[in-house]
Amino acid sequence: MRGAIAMNQDRKILLVDMNSFFASVEQLCNPCLQGKPVVVGGPVGTRSVVSAASYEARPFGVKSGMPMMEALARCPELIIVHGSMRKYVDVSRRVFKICGDYTDLMEIYSIDECFMDVTPTMDRFGGAWSLAREVKRRIFEELGLRCSVGIGPNKVLAKLAAGMQKPDGLTEIRPEEVRCVLEDMPVQKLHGIGEKTAARLRQMGIATAGTLGRASRARLKREFGVLGDALHDMGNGIYETPVVPYHDKADVKSVGHSHTLSQNTRDWNVLSCHLLRLSEMVGRRLREKDLSGRTVALVVRYSDMHTFSRRRTICERLDDGYAIYKVALSILREQYGDKRAIRLLGVCVSNLAKDSRQLNLFADERDRKLLDTMDSINDKYGEFTIKRASLVKTERCDTAVGFVA
Amino acid sequence: MKVICARKDLYEGVQTAGRAVSPRTSLPILGHLLMTAEEDRLRIAATDLEIGMECIVEANIQEQGSLTVPARVLTEFLAELPETDVTISVDDSNTVEVSCGTSIFSILGLPSEEFPMLPEVRAEVSFTIENVVLRDSIKTTSFAISQDESRAILTGILMQVTENGLKLVSTDTHRLCVQDAPLVESLGTVNAIVPGRAMNEITRVVPYGAGTVEVKIAPNQIMFSVGSTTLISRLIEGQFPNFEKVIPKEHNRKLIVPTAQFMQSVKRIAIVARENANRAILRTEDGTLILTAESGNVGRAHEEVEVIKEGEDVKIAFNSKYLLDVLSVIETEAIEVELSGEVSPAVIRPQGKDDYTYVLMPMQME
């Protein structure tokens, strides 16, 4: 048989995907929102987009990523809730904790999705299907949230399966069903194939996973290089990338935050305020992880989308937002010559090392104590409950994107 | 210029002065030694523009004058020569001829005018100190010099000359060493920050036997003269941190710990601690000091040392390397450790001696 399928028949991978996660958490926290069309996102009139839409909002055509104005136009009775990342992170941790009870091989894929390799453990729970049902039951009973679970012989197929039935679905793609499922599946539905790759494939006359699987390896390799092999396998439902548990992941190399301003600006006060806020967020994340870093990078995107990034390495290790801010600001001051309006700012600290917690003889311990106290208040009551007075007037930053690379 | 000199004397002088030669330099002349023949002696000098070293060697001067010669080549050549007289001369084209018996070595030199003049130190303050005192004082302070070039001031030792004697102070901000030393005689008072490198070089020059070192301090330079050797160094400019402020004035707990036994325990603990930022935890249970270290990758270590304790039990974390550093320079049988809290600086002293203070900042527990 041509292109024999070397699929590991015994592997069972689950993808747990929380349904409409942010919106569901908000509905859970505020019963008045239950059964109503709810979206999470920033205020109307700003650049904000829908971060998540409840299932009640979806029949109106409201989707994640849609500008808030458009969402409101489609569904005038839409309730807009400003998200609270802390809340979501907290619930997300609880979800993953439940999943972690069923296998050590769990890979957190995003705040509301995780892969579980249950191959070694499923027999104890009566097989993958009943294990998945058990996970769904516990997440619902303990947290009141629904999720869709996909089961497949690998990550791509598990993800595909989870997407087939939403909300509250449980779908398995068995090895023998793979060909049939993939036959008419548009390529971009395959996990790992983005729009650009899909467009290139379509140009080659490949629109479905089935055609992709039948396309010759050589042809795909000519077009995509080493990726060609992987694409060919994906078209055949082969994807052997393992589920990588969090603790096996490489150490954090950098910690950063970026933020798209609600309006492009060249106002120095506004820019420096945002820089301070982002720096404080980075500092806080560093302290949370017991890290400090010596290289500060500043990312600036102008209104014309031109983006530049500059880094500076200093001698001291930083984990204090204000100190990070001073470095970032000095970069901005030197680089921001042409006074073009700025659309996005980002601050990132790298060159990290674990804080040895060696105390300093000459350090003004008051600063450290102040930071520790602020951290514990913000831990308890939420980010920026206590902050520098200069940040009082800045807009909410909850929509900022955090990244750990 | 032409001189005749005993190989041993010449070799020693070349080696000593050669310590100031910078191994990697963009200026070729800084890789050379300057030799100057005057009446009855030969001066050998080298500098890397930070420190300068000059040795005077007895020699039979046939013809006065000066020459420069690559330090490394000459040192290697002299090392291989038998123990007899060596003749050094130079011709008009700066070719240096070193001959010894039937061995003749012609080396390309450079015009001696190119060699940077060693600065003349116009001393405002001067003192004389016994060899052993200077050597020991540098030993008990130099290990805490900061290696961080970005804070230049801390890469040196503060030398405080007062009517009462000399105080040497070093810190890398995690610990602080303060050593008081008596002077044979002194003139004037000053605070000078001497680069750590100069301090380390001078300990190599100061002989172990009896004798004194003369020190002259000018606003920008310091000059050490010991025997026939002179070391000149620039001083580090700037304000040394207010070290007196960070020496605890009082304490509420005190341990008297046998030095050697404690050091052995810390050495063993350090094997595990090095995997965990060198963190060693010290706690007392009545008369026993318990040291522990833990590392996820290696395991655990536990040590006990009998101590005398005043005050309540303590629990505190220290960098084990910082403990070893001080324990290896203290010569008394026991040390006194004064403590006030788990995040407050500790003071370590040799028991019964008040001329040395080591202030050590703890590590946070967890």
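User: Which residue stands opposite B:Ile335 in strand 26 of chain B?

Analyst: In this predicted model, the residue that stands opposite B:Ile335 is B:Pro350, in strand 26 of chain B. Strand 25 of chain B and strand 26 (residues 346–350) of chain B run antiparallel and are joined by four bridges. Two strands count as paired once there are at least two bridges between them, so the four bridges found here satisfy that condition.

User: What do strand 25 of chain B and strand 26 of chain B form, with six residues between them?

Analyst: With those six residues between them, the two strands form a hairpin. Strand 25 of chain B also pairs with strand 19 (residues 253–258) of chain B, in the antiparallel sense and over six bridges, and here B:Leu255 stands opposite B:Val337 in strand 25 of chain B.

User: Why is strand 25 of chain B called largely enclosed by the rest of the structure?

Analyst: Strand 25 (residues 334–339) of chain B is called largely enclosed because six of its six residues are buried, which for each residue means a relative accessible area under 20%. B:Ala334, B:Glu336 and B:Glu338 point one way from the strand, while B:Ile335, B:Val337 and B:Leu339 point the other way, and all are buried. In a regular strand the side chains alternate between the two faces of the sheet.

User: What makes A:Asp375 and A:Arg287 a salt bridge?

Analyst: The closest N and O atoms of A:Asp375 and A:Arg287 are 2.6 Å apart, and a salt bridge requires a side-chain nitrogen of Lys or Arg within 4 Å of a carboxyl oxygen of Asp or Glu, so the pair meets the criterion. This pair links distant parts of the chain, with A:Asp375 in helix 13 (residues 365–381) of chain A and A:Arg287 in helix 11 (residues 268–288) of chain A, 88 residues apart.

User: Why do A:Asp375 and A:Arg287 count as buried?

Analyst: The relative accessibility of A:Asp375 is 11% and that of A:Arg287 is 13%, and since buried means under 20%, A:Asp375 counts as buried and so does A:Arg287.

User: Which residues do salt bridges that share partners join into one network?

Analyst: The residues joined into one network are A:Lys12, A:Glu172, A:Arg174 and A:Glu177. Within that group, the side chains of A:Arg174 and A:Glu177 meet in a salt bridge with an N to O distance of 3.8 Å, which is within the 4 Å limit. A:Arg174 has a relative accessible area of 36% and A:Glu177 one of 30%; partly exposed covers the range between under 20% and over 50%, so A:Arg174 is partly exposed and A:Glu177 is partly exposed as well.

User: How far apart are the closest N and O atoms in the salt bridge that A:Glu223 forms with A:Arg200?

Analyst: The closest N and O atoms of A:Glu223 and A:Arg200 are 3.5 Å apart, which is within the 4 Å that a salt bridge allows. A:Glu223 lies in helix 9 (residues 217–224) of chain A and A:Arg200 in helix 7 (residues 195–203) of chain A, so the pair ties together parts that are 23 residues apart in sequence. A:Glu223, with a relative accessible area of 35%, is partly exposed, and A:Arg200 counts as partly exposed at 37% relative accessibility. Over all chains, a search of the whole structure finds 45 salt bridges.

User: Why is B:Asp40 called exposed?

Analyst: B:Asp40 has a relative accessible area of 53%, and exposed means over 50%, so B:Asp40 falls in that class. B:Asp40 is placed in the loop between strand 2 (32–38) and strand 3 (41–47) of chain B, and together with B:Asp9, B:Glu39 and B:Glu58 it forms a negative surface patch.

User: What is notable about the phi of B:Leu49, although it is not a glycine?

Analyst: The phi of B:Leu49 is positive, at about 75°, whereas most residues other than glycine have a negative phi. B:Leu49 is found in the loop between strand 3 and strand 4 (51–58) of chain B, and at 53% relative accessibility B:Leu49 counts as exposed. A:Met305 also has a positive phi of about 75° although it is not a glycine; A:Met305 lies in the loop between strand 10 (291–302) and strand 11 (307–318) of chain A, and at 45% relative accessibility A:Met305 counts as partly exposed.

Note on methods. Residues numbered from 1 in each chain as written. Chains lettered and ligands numbered in written order. Predicted model: local features only at pLDDT ≥ 70, side-chain atom pairs only at ≥ 80, totals over all residues. Heavy atoms only, no water. Patch = residues over 30% accessible without salt bridge, like charges linked within 9 Å, V, L, I, M, F, W, Y side chains within 5 Å. Areas by Shrake-Rupley, 256 points an atom, 1.4 Å probe, with all protein chains shown as cover. Lys, Arg positive; Asp, Glu negative; His and termini not counted. Charge placed at Lys NZ, Arg CZ, Asp CG, Glu CD. Buried < 20%, exposed > 50% of the residue type's maximum accessible area, 1.4 Å probe, protein only.
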